[in-house]
Amino acid sequence: MKQMSRSVPAVIFLMLIFTASVHAADLAQPGTPARKLQRGFLNIALSPFELSNQFSKERKTDKFPPSWMSAIGRGGLYMVGRMVVGVEEILTFPISAPANYGPILQPEFPWENSPELTEVKSSKS
């Protein structure tokens, strides 16, 4: 048990370092194994964005059951789905499937699904 309690802070530290390095790094070109590998790591690390995206979408609705309940359910399912796809992309990154190392999920990255980002894009058009 002591061994596990020592390894937890180390894992958290490594995750923070990885997240900081991902933020500072550029994404690889689309259609490459490196992009598929990056996408897999980012889908796992940033899967909780799905919860916040669903809360942002549901905040404007007033219905029964309460909107926060459906946001938790839908966001939780989307989060797990994005994590599973991330694991699959990491394990199969050298294989060109789907065609040309394309994304399985649309949008490709979790931050592209943000309601605020969608509103900004539509107001600029």
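Which residue forms a salt bridge with Arg39, and how far apart are the closest N and O atoms? The partner is Glu89, with the closest N and O atoms 2.9 Å apart. The close-ups below show this pair and other local features of a predicted model, in which local features need pLDDT of at least 70, side-chain atom pairs count only at pLDDT 80 or more, and totals for chains, interfaces and linings use all residues. Residues are numbered from 1 along each chain as its sequence is written, and side-chain values use heavy atoms, with hydrogens and water left out.

**View 1. Arg39 and Glu89 join helix H2 to helix H4.** Arg39 lies in H2 and Glu89 in H4, so the pair ties together parts that are 50 residues apart in sequence. Helices are DSSP runs of H or I with at least four residues, numbered from the N terminus. Both Arg39 and Glu89 are buried (under 20% relative accessible area, against over 50% for exposed and in between for partly exposed; 1.4 Å probe, protein chains only).

**View 2. Glu108 forms a salt bridge with Arg35.** The closest N and O atoms are 3.0 Å apart. Glu108 sits in the loop between H4 and H5, and Arg35 in helix H2 (residues 33-45), so this contact ties together parts 73 residues apart in sequence. Glu108 is buried at 14% relative accessible area. Arg35 is buried too, at 10%. A network of salt bridges links Arg35, Arg39, Glu89 and Glu108.

**View 3. Arg82 and Glu50 meet in a salt bridge.** The N to O distance is 2.6 Å. Arg82 belongs to helix H4 and Glu50 to helix H3 (residues 49-58), so the pair ties together parts 32 residues apart in sequence. Both residues are buried. The structure holds four salt bridges, each defined as a side-chain nitrogen of Lys or Arg within 4 Å of a carboxyl oxygen of Asp or Glu.

**View 4. Two cis peptide bonds occur in the loop between H4 and H5.** One joins Ala97 and Pro98, with omega about 0 degrees. Another joins Gln106 and Pro107, again with omega about 0 degrees. Most peptide bonds are trans.

**View 5. Asn100 and Tyr101 have positive phi.** Phi of Asn100 is near 60 degrees. For Tyr101 the value is about 60 degrees. Most residues other than glycine have a negative phi. Asn100 is in the loop between H4 and H5, as is Tyr101. Asn100 is exposed, at 53% relative accessibility, whereas Tyr101 is buried, at 14%.
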